[in-house]
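Q: Could you take me through one part of this structure, slowly and in plain words? I'd like to see how a single strand sits among its neighbours.

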Amino acid sequence: MSRILRTVLGALVVFALFAATAPGALAVPPPADEGESTPVMVVLDASGSMKQTDAPGPRIDAAKRAVTGLVAALPADARVGLTVYGTSTGSGAGEKAAGCKDIKQLIPVQPVDRAAFGTAVAGIKASGYTPIGRSLQEAAKALPTEGPRSVVLVSDGEDTCAPPAPCDVAKQLKAAGTDLVVHTIGFKVGAAARAQLSCIAAATGGTFREASSGAALGAVLETQVQRAIKPYTAVGTPIRGGADPASAPTIRPGQYLDTYEKGSRTVAGRGTVKYYAIDLQPGDTPYVSATLIPPAVRAENITALVVRVTLVDASDDDCTSGNAFASAVAVFGKVVPQSAVIAPGPVGDKGWDEECSDGRPVYVRVERSGNTYNTAQLPMEIAFRIEPAITSAGPAAVPAPLAALPAPAESATRPVEAGFSFNDAPLLQPGSYAGSIGSGETRFYRVRLGWGQRLAYQLVVPAQAGVGIQSAALYVTLSSPLRAKVEQSSGTPTYQLIGGKEDQSMHGSTAAPVRWSNRESSSSAIRLYSVDGDYFIVLDASYPLARPMFTMPFRLTVATDGAVEPGPSYVTDPAGSASPAPSASPTAVASGGADGSGSQSGTSPVLWGGAAVGILAVAAAVAGLAVRRRRRFS
């Protein structure tokens, strides 16, 4: 069989394993530097209707408390401003001309100034009209003219000043090519306002959320602004890949963040290609994932957006052309963060070509292609880990995917805000959690599995009055600690149309217990359950088919099944140092468990749990290398 044919067949196999279907996004300019947040203007409704006392208490007081709470929770580097409308006139007919121009910028977009926000918010009084369309225009003018930026709009009603109609303004902003996303919040809104706010968000690729009380408004406002600041929490040490193997920088175990400048002119063409050198020894198993971060402006479908990862030698020839799992392809159907993952097996075994059999040096070739958003620069997370040779594999692999586990029993429900990326996904302990997802959103959780364990989940969306059955589709996918989409033993479909008069439930489980020996199985579904650590539950909500965008509350129950088994035993290095001991995921250390404890269970040295977080990851890698050249962190 020719090398080209083997490569094509390998791509088809990996595409079948890793391709996902979930909602998407449009193009953005170059990503912000690491640590730099997207500038956001909060637009607050202070019209006469905000004097109503059903929040409970005045709506405007609830909104002011929500803004105050938001500012207290923002990171120091957040760049947020505040605009209000309706504070200077009444709402009588004779005041309409002035009221529809009554828009004030109280705080410019700048690093958050908590004292200035406190003073400005304290002086807000509700009294006038609702010029949403013009407020959007003014907010857009107050934001930078280049790069991604966002508006978060809070309103308790529809525009009372059109023209310009708010949705038309949103469409014009998008048509002008600005990289502006508007997220909207409906505070105790009726059907007409809900439709208008949904239209604004949908036109710019933003999200619409509802709040029915003052407490809910505070939580939703914080969620929307944090989403606007960083739609996907990209994490990694900044790096610039080489244009060929000769210019490739050497990377050590850890996570890196690069920028991929362009796609390709045609679907089958070649876009940005970069190379990274890795130093391996015989018996080492490298793991590499490349996660292409979709743009912030969302769209339901795309034509072609692809990321490929291959191990090559100095001549750019495949190192593992006989191993399908050493050349990974992730194809975006509906855009969510998508990863191509390679795990080719130990260096020097039968899957490795002779040119690369000693492992030094080997190169990771990462390619972004496809003609969708082909001129937009997109960030790519590159994660690299090494697993040493083993002396014992532990329990044998299961022969085939197992039957679905029963839906886990519900328990007392705790609210937990889902993450916006693999990197900030909260760690869930077994139990039940309350959450919500907006139309067009992707949210992340993680659950830790030890060797020999399986994961079971149940997702229940309560009945929603006035929401039709064709409103939106909800997808549930599972990803391994290596970010590869894994097959489920589903008790119910992993996708449903949500909405209607009855509760709707989805449940499923992982298809096999986690065992090192699974990688030797003939079943591709089983091979992906070969590492322990943090498995991800990813929820994707499509845009509604007919009705306005809306927020879906849900109850997620998770459980782990099976006692923790002995894992594999790893060899010592030539100097006699002990093989790497189990250690905690850096992501888990940073964010803790859902109960706030941050308690950890052991994980194998190959895992990175969701991804290393900033300095913790780098520090851990450096410390590990000082002790043992081939040691890596989880």
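A: Here is a walk around one strand, β10, and then a short look at two other spots. Keep in mind that this is a predicted model.

Let's begin with where the strand is. β10 covers residues 285–292, and 8 of its 8 residues are buried, so the strand is largely enclosed by the rest of the structure. Buried here means under 20% relative accessible area. You can check this one face at a time. On one side you'll find Thr 285, Tyr 287, Ser 289 and Thr 291, and on the other Pro 286, Val 288, Ala 290 and Leu 292; both sets are buried, and that leaves both faces of β10 covered.

Now for the neighbours. Strands of a sheet pair through backbone hydrogen bonds, either parallel or antiparallel. One partner of β10 is β15, residues 378–387, and the two run antiparallel with 8 bridges joining them. To see this up close, find Tyr 287, whose bridge partner in β15 is Arg 385. Then move to Ser 289, which stands opposite Ala 383 in β15.

Another partner is β13, residues 338–342, joined to β10 by 5 bridges and also running antiparallel. Ser 289 turns up again here, since its bridge partner in β13 is Val 341.

Zoom out a little and you get the whole sheet. It is an open one of 5 strands, in the order β7-β8-β15-β10-β13, and the pairing is mixed. The edges are β7 (237–238) and β13, each of which pairs on one side only.

While you're around β15, look at the loop between β14 (362–369) and β15, where Thr 372 has its place. Thr 372 is buried, with a relative accessible area of 8%. Its C-alpha atom is 9.6 Å from that of Lys 262, although the two residues are 110 apart along the chain.

Last stop: a helix, for contrast with all those strands. α2 has 15 residues, 59–73, and reaches 21 Å from its first C-alpha to its last, close to the 21 Å expected at 1.5 Å a residue. Its buried residues include Ile 60, Ala 63, Val 67 and Leu 70, and Arg 59 and Lys 64 are on that list too. What covers the buried residues of α2 includes the strands β1 (40–45) and β5 (180–187), along with the helices α4 (114–122) and α8 (214–229).

Technical notes
Residues numbered from 1 in each chain as written. Predicted model: local features only at pLDDT ≥ 70, side-chain atom pairs only at ≥ 80, totals over all residues. Heavy atoms only, no water. Buried < 20%, exposed > 50% of the residue type's maximum accessible area, 1.4 Å probe, protein only. Helix = DSSP H or I, 4+ residues; strand = E, 2+ residues; numbered from the N terminus. Pairing = 2+ DSSP bridges. Expected span 1.5 Å × (residues − 1). Contact = heavy atoms within 4.5 Å.
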